[in-house]
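Please look through the points below with the structure open beside you. They are meant for someone meeting this chain for the first time, and they go from one packing arrangement to the next.

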Amino acid sequence: MSITQLPAWQALVAHQRDMRSVHMRQLFSEDAQRFDCFSLALGDLLFDYSKNRITQETMRLLFELAVQAGLPDAIQAMFSGQRINTTEDRPALHVALRNRSNRPIVVDGADVMPSVNAVLDKMRRFTQAVRNGEWRGYSGKPITDVVNIGIGGSDLGPRMVATALAPYADGRIRVHFVSNVDPSDIATILRHLAPASTLFLVASKTFTTQETMLNANTARRWFLSRVGDEAAISKHFAAISTNRQAVEAFGIDSDNMFVFWDWVGGRYSLWSAIGLPIALYLGMDNFEELLSGAHLVDEHFRTAPLKRNIPAIMGLLGVWYINFWGAQTHAILPYDQHLALFPAYLQQADMESNGKSVTKDGKPVNYATGPIVWGQVGTNGQHAFYQLLHQGTRLVPCDFLVAAQNHNPIGNQHDVLVANFLAQTEALMRGRTAEETRAELEAQGYSGGSLELLTAAQTFEGNKPTNSLLYKKLTPFTLGMLIALYEHKVFVQGAIWGVNSFDQMGVELGKRLAKAILPELSGTTTDREATHDSSTCGLIQQYRAWRDS
């Protein structure tokens with residue numbers, strides 16, 4: 001049965017028709033306790049979802065949909081190590097990586113926690129040696145700079161966390177990230193480094209990822225051109241991989257290889273050894289605080305009833321707008337400069353997970369799935385795209401995030417930031433009626449045609465849905481909570497839609513075609529017209545002409 005045939009789905013279709021003419025102004029006016037009814041706290045985090053186009057009946061039907069779609073069973077299946085990644089026949093157990101309770105999690109008859117803890121212990125020993133200066137480079141100098149070479153989840157997660165938690169860095173280690181195969185990316189970073197005090201981390205599960213290995217070999221050549229001794233590589237390169245043979249062939253001591261498992265998806269891997277650059281930059285204690293914050297959310301998601309379950313509610317609200325109101329995008333709007341990369345990180349977490357058009361059993365879907373995720377830090381976004389949010393023709397649900405305490409208090413600037421945060425959510429909810437607008441303009445002396453023109457231009461419909469996440473301070477623990485909340489939100493939506501949120505087959509076709517095209521760019525094959533369309537052939541010919549000129 002398609003989910004569109006479920007009784008709760010059909011009831012929500014009818015309920016949405018009833019809600020079309022209901023304005024949130026009316027809902028707040030009728031219920032003085034609306035905030036209390038539609039907000040939840042977890043630790044030092046408050047989730048307010050009262051500024052949504054919902055009633056108690058809406059939520060009741062959404063919870064019924066979750067049950068009818070099997071969400072409670074799906075949650076249990078993930079946490080118990082079942083092979084919920086059906087296309088790749090493996091579990092999805094990122095929750096085991098931050099299982100601070102050490103509750104046994106069994107896969108194929110074996111508890112995975114001892115191996116998880118062994119890697120964490122190895123990371124602690126390694127990071128302490130590097131940060132304390134016990135680890136020395138080939139010349140006897142301590143390490144001052146760490147360069148993480150990866151792509152996708154092996155880059156974006158650690159990069160986002162390092163940016164977000166920069167206030168917790170003590171200055172002992174500077175961290176840099178290389179991901180793009182564009183040579184300008186690595187060249188720009190290497191230009192400012194000294195080989196004697198630089199440590200490279202090569203993050204690739206298979207040690208064959210094209211972009212990562214091209215950059216890793218560039219770093220290797222750069223290092224050897226200045227040092228001239230291949231034996232020195234073992235002092236300046238470490239690997240996060242499972243391919244011991246390839247790691248050793250590169251020149252890396254296998255003792256400095258950190259493993260992770262096939263049940264760790266790339267976009268969920270920052271909790272694993274892929275987080276090594278985070279630990280080197282911030283210290284292992286702060287890395288484990290990140291894990292602890294995520295674990296708190298994991299236990300909340302695993303045990304809380306749906307009505308009190310923050311990730312479940314976040315996911316269900318998204319389903320409400322995507323499938324019943326036709327929303328196509330979702331905006332992430334952190335009013336926190338340290339979360340500048342958070343929208344980009346969530347793009348991968350959401351769009352690579354639920355950007356699917358077939359169900360887990362291979363059937364085409366006949367309903368919308370993953371939204372386009374985008375965003376920008378406030379208040380910058382207010383001067384860029386908020387015009388569309390307020391007065392555009394598209395419905396864009398938004399998440400606003402802000403801290404009560406700033407890491408850099410200067411005058412009243414943080415109050416100004418928070419005032420903008422609050423004003424935007426209120427303005428999107430309330431809007432401004434034509435009558436209110438006209439009265440203000442008349443008080444300013446406008447009349448006649450100018451009055452009517454400006455009234456039309458300055459009227460805001462409002463009734464635009466937002467969630468607010470207010471947290472005490474952006475700490476490692478809090479950031480772990482935020483990331484885990486969104487991971488589980490994505491899982492909830494994938495479970496409702498019946499898609500596999502843990503594979504990413506859509507990224508493979510382009511990779512395969514790129515491998516076929518590469519030798520043609522080098523001129524080693526000539527029969528391009530037999531394999532490509534005229535556009536691709538024309539672009540190849542023009543590229544070669546300009547490159548070779």
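1. In this predicted model, helix α17, which spans residues 413-430, lies across three strands, namely β10 (329-335), β12 (398-403) and β13. With respect to β12, helix α17 runs at about 160°.

2. The strands that α17 lies across, β10, β12 and β13, belong to an open sheet of 6 strands with mixed pairing, whose order reads β1-β2-β13-β12-β10-β11. At the edges stand β1 (39-42) and β11 (372-375), and because each has a single partner strand, one side of each is left without a neighbour in the sheet. On average, and with direction ignored, neighbouring strands of this sheet are turned by 15° against each other.

3. Within that order, strand β2 (residues 45-48) and strand β13 (residues 466-471) run antiparallel and are joined by 4 bridges. Leu46 stands opposite Leu470 in β13.

4. A further point concerns two helices, α5 (residues 71-79) and α13 (residues 284-303), whose axes come within 9 Å and cross at roughly 135°. Since angles over 145 degrees would count as roughly antiparallel and those from 65 to 115 as roughly perpendicular, α5 and α13 are therefore oblique to each other.

5. Which residues of α5 and α13 meet? On the α5 side they are Ile75, Met78 and Phe79, and on the α13 side Asp298, Phe301 and Arg302. The residues of this contact of α5 with α13 divide into 4 nonpolar and 2 charged, with no polar ones.

Methods:
Residues are numbered from 1 along each chain as its sequence is written. This is a predicted model: local features need pLDDT of at least 70, side-chain atom pairs count only at pLDDT 80 or more; totals for chains, interfaces and linings use all residues. Side-chain values use heavy atoms; hydrogens and water are left out. Axes are lines fitted to C-alpha atoms, for helices over the stretch in contact, and angles run from 0 to 180 degrees between N-to-C directions. Angles under 35 degrees count as roughly parallel, over 145 as roughly antiparallel, 65 to 115 as roughly perpendicular and the rest as oblique. Contact means heavy atoms within 4.5 Å. Ala, Val, Leu, Ile, Met, Phe, Trp, Tyr, Cys and Pro count as nonpolar, Asp, Glu, Lys and Arg as charged, and the others, Gly among them, as polar. Two strands pair if DSSP finds at least two bridges between them.
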